[in-house]
Each structure stands twice: as structure tokens, then as C-alpha cells.
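Q: Please take a close look at one part of this model, the pairing of its strands. Set out how they are joined and then place that part within the chain.

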Amino acid sequence: MKTEKEKHCGNCSYHDVYHYPDKIFCVYRYLKGENPIVDTLWHCENWTPETQPCFCVQDAKNNAKNIQENPKHSSTA
Ligand code: SF4
Ligand SMILES: [Zn+2]
């Protein structure tokens with residue numbers, strides 16, 4: 001089974017849904033008093049593999065690709 005092994009907030013155990021799929025809510029940063037809203041494809045040194053895989057990273061990548069290929073249409077949700 002081929003799943004994401006790259007480190008992204010979107011596959012970190014601390015992430016939660018915020019603005020799907022490009023932004024996530026980081027519980028870790030929230031508890032530290034930092035801005036909890038970060039890019040799904042970002043990651044920090046506290047990255048921890050999630051135990052329940054989801055589609056955030058995959059969908060964020062597809063989303064970013066679409067915006068790149070169709071910049072003029074990126075504002076249409
Ligand atoms: S900011 Fe760090 S701890 Fe928070 S979700 Fe992203 S990788 Fe995980
Ligand atoms: Zn997710």
C-alpha cells in the first residue's frame with residue numbers, strides 16, 4: 001500500500017480540519033499559544049505520523065496543482 005511518507009501537516013497526528021483542503025488547524029501549535037492555522041503541505045519539527053490516515057495531503061496537492069494549471073480560475077471555489 002502506497003501512502004504519503006512525506007512530512008506534512010496534513011498527515012500529522014496534530015492536525016485537524018480548518019479550511020479544507022489547503023489549511024489545517026494544528027492542535028500542537030494551539031496548545032503552545034501559536035497561530036494554529038497552517039498550510040496543509042507545510043510541516044514543523046514536531047511532526048508525528050498520524051494514526052488515522054485521511055485525504056488532506058492528497059487533496060491539498062490536487063488543489064495546488066489545479067491552481068497552478070488554471071491560475072485564472074483559482075478564485076472559483
Ligand atoms: S505544525 Fe507541526 S505539529 Fe502542527 S500539524 Fe503541522 S507538522 Fe504537525
Ligand atoms: Zn486530514
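A: Two strands count as paired if DSSP finds at least two bridges between them; the strands themselves are DSSP runs of E, at least two residues in length, numbered from the N terminus. The model is predicted. On these terms, β2 and β3 (residues 37-39) are paired in the antiparallel sense, with 3 bridges between them. Within this pair, Phe25 faces Ile37 in β3 as its opposite residue.

β2 (residues 23-26) is also paired with β1 (residues 15-19), again antiparallel, here over 4 bridges. β2 is thus a partner of β1 and of β3. In the pairing with β1, the residue opposite Val17 is Ile24 of β2. The connection from β1 to β2 is a hairpin of 3 residues. As a rule, the side chains of a regular strand point alternately to the two faces of the sheet.

The strands also contribute to the surroundings of ligand 1. His15 of β1 belongs to the residues around it, as do Cys26 of β2 and Val38 of β3. Others in that group include Cys9, Cys12, Arg29, Cys44 and Trp47. By class, the shell of ligand 1 has 8 nonpolar residues, 3 polar and 1 charged.

In the chain as a whole there are 3 strands and 2 helices, and their order along the sequence is β-β-α-β-α. A helix therefore lies between β2 and β3 in the sequence. Of the chain's 77 residues, 21% are buried. Where contacting residues are at least 6 apart in sequence, 46% of the contacts join residues at least 24 apart.

Notes:
Residues numbered from 1 in each chain as written. Chains lettered and ligands numbered in written order. Predicted model: local features only at pLDDT ≥ 70, side-chain atom pairs only at ≥ 80, totals over all residues. Near = placed C-beta within 6 Å. Nonpolar A, V, L, I, M, F, W, Y, C, P; charged D, E, K, R; others polar. Buried ≥ 20, exposed ≤ 12 C-beta atoms within 10 Å, placed from the backbone. Contact = placed C-beta atoms within 7 Å.
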